[in-house]
Structures are given as C-alpha cells and as structure tokens.
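Trainee: I should like to learn how to read burial, packing and internal cavities from a model. May we work through a case together?

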Amino acid sequence: MDLDTFIAEWNNASDRVLVHTSGSTGKPKPMMVEKRRMACSARITCHFLGLQRGDTALLCMPLDYIAGKMVVVRSLVAGLKLIAVPPSSHPLGTVSQHINFAAMVPLQVVNSLQEPQERARLEAIDHLIIGGGAIDDSLARELKQFPRAVWSTYGMTETLSHIALRRLSGPQASQWYTPFESVTVGLDSRGCLTIDAPQVCPAPLTTNDRAIVENGRFKILGRIDNVIDTGGIKVQIEEVEHLLKPHLKAPFIISKKKDARLGEMIVLLTQDPDTAAVEAACRVAIANRYWRPRRVVHIDKLPLTATGKPARAQAERYCNTL
C-alpha cells in the first residue's frame, strides 16, 4: 500500500481500516479496526512525547502493517509534517531534514549505526521509537549513549501500536516498560500480561507474554508459547537466544521439535554452515546443559515474517520434519 492509498482510505466514509497482524506466531490475520481508536492512540503518543504541530515525522516502514499506518495517523491528528521515504534497511540514507519523530525496527537502527552520516542523523532525532523486534544487549548499550530520547515500544496490532514505552537512552534507561496513563496492566493465572486500554481496545486483552508487573510497570520475560518443555525442564526460547547472541555471528533461531524421550527437543536453526563451531559456541555460552540445543541445523534462509520477526510457527514445522 502506498501513502496516497492509505490517506484516501483514512478519509473515506468507513469508520474502520483494514490491518494485518505480523504473523510472528502464525499466519497473518486481517483485522478491521476503528479509526477513532487509532486517532486516540495517536494523540496519546504525541502527548507523551510532547510532539507539536509542525514537527517532522519520518515514515520509513511499510503501510501494510499497523506501525506504518500509525505514523501517518499521528501526523494527521497532531499536524506533523510527514517525511516519507521508501521502506528500506537504510531509511536515513537520503534524509537531510531534521527529524523530530521517527519509528523504526531494530534492523533499520543497526544498519543506520554502521554508516557515519546515517548515524549522525539517527542521533539527531528528537524522539526515536523502536519496535517490531527484540533489542539485544549490544544495541541497547550503544543506544544508551545517545544524546536524545530513544524508546523501546510494547504493543501489538490489537492495541493499535504501542501502549507502553521504556527508555533506552540516557540515565533514564530501563528494562521496565511504563504504560500510558490510560492503560492498566496485570497478570493472569499463567503469569501472562493483561492489558486494559479502554481508549484503544474495546475490551481488556490477555496476551501470551510472560511478564513481571511491579508498581504499574512491567518487564517482558518471553512468550508463553515460546516455552520448550524438554525432559520436564521449562526453557524460555528468548532467554536462550539472549545468551547466544554475543557468541554467534550468523543469523539463528531457537526452535523445538517433538521427541519421544524428552517430550520436546531444543533445536537451533542457523545460517552458518559450520555447525560444529556453532555447537562449540553453545557450550561456551550456556552453562546449564539442559538449556543447550540438542540439534544444530544449517538452513540457507531462516523463516521470517514480512516485518522481519522470527516466524516461530514455520520454524517449528520445519524442525518437526528433520
């Protein structure tokens, strides 16, 4: 979808807009969402960040998903000057204007940091929000030194983009997400996050994200459907990936397959053809042998969603064919 098409859809007589979920845990699903709730979400973010009419906003993500659509809606609602560039892994390559607000995925941020001119432009953004994927420790350390505000977002298509932010830059950097004032969070019986955001969601929402909630803030541990029960030991996929990232250079995904003895077996899919080296790195990185992958499998291209997230369901299906 291009910008003119979305703006025409936003201005038509319908009170709803079609969006699609990212598909990180299954097949992307179409959803019809209310424009008034999207506008409300936009106002909440702009108010929190202190964005003013005439500020510049960079659109550098696809308009097929909620993240890109919401950049446009924020601009329309708050009177921001929208600067649109084609979605790419180097969104700041041709941007010369000062940017007050931008939303990016981690890959765009990482790539921008590699080019001195793009890095300078990235550091000059007044408010940079990052979503759509995990922010690893090395990226977090680099962003903590940024002179302006950098934020990690928490949200999903059902919440019409984010409902909470955590600061990544400066002395306020934190592992804890702070919900917007109109949002209340809690935990269900599984220890998963619940969200009550009446201005953007018609009903309270129960997620599959395991979390810790303290004093109204929350920290995400990982998705409950990303838990591997291997020989009675419950292992969180995201925690294993977190341990391995500093030790593995090639892209990889932790997944699982059914196993007659263990119930489920931890499998590592990697684009590195030297699987013996990957296995050696696993032994160094992971002290608990029950958390180590039982199989390391080379794959030419990891299964990813259209937004660049690991396609967990597709990876698991592949593992169960091995």
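Mentor: Please bear in mind that this model is predicted. Let us begin with burial, for which the cut-off is under 20% relative accessible area. Thr207 has 5% relative accessibility and therefore counts as buried.

Trainee: In which element does Thr207 lie, and with which residues is Thr207 in contact beyond its neighbours within four places in sequence?

Mentor: Thr207 belongs to strand S12, residues 205-214. Once the neighbours within four places in sequence are set aside, its contacts are Tyr154, Met156, Arg190, Cys192, Leu193 and Ile195. In addition, a polar atom of the Thr207 side chain lies 3.1 Å from the backbone nitrogen of Asp209.

Trainee: How is the packing of a helix to be read? Which residues of helix H4 are buried, and against which elements do they pack?

Mentor: One lists the buried residues, then the elements they touch. In helix H4 (residues 106-114), the buried residues are Pro106, Gln108, Val109, Asn111, Ser112 and Leu113. They pack against strand S5 (101-104), helix H5 (116-124), strand S6 (127-130) and helix H6 (137-144).

Trainee: How many cavities of 30 Å³ or more does a search of the whole structure find, and which residues line the largest cavity?

Mentor: The search finds 1 such cavity, and the space in the largest cavity is about 40 Å³. Its lining consists of Ser41, Ile44, His162, Ile163, Phe180, Ser182, Val183 and Val200. Helix H2 (35-49) and strand S8 (161-167) are the elements that each give two or more residues to this lining.

Trainee: What classes of residue make up the lining of the largest cavity?

Mentor: The lining has 5 nonpolar and 3 polar residues, with no charged residues.

Terms used: Residues numbered from 1 in each chain as written. Predicted model: local features only at pLDDT ≥ 70, side-chain atom pairs only at ≥ 80, totals over all residues. Heavy atoms only, no water. 1 Å grid on protein atoms, 1.4 Å probe; cavity = no way out; pocket = protein on both sides within 12 Å on 5 of 7 lines; lining within 4 Å. Points joined across faces, edges and corners; volume = space filled by probe spheres on them. Helix = DSSP H or I, 4+ residues; strand = E, 2+ residues; numbered from the N terminus. Nonpolar A, V, L, I, M, F, W, Y, C, P; charged D, E, K, R; others polar. Buried < 20%, exposed > 50% of the residue type's maximum accessible area, 1.4 Å probe, protein only. Contact = heavy atoms within 4.5 Å. Polar contact = N/O pair within 3.5 Å; in protein donor to acceptor, adjacent residues only side chain to side chain.
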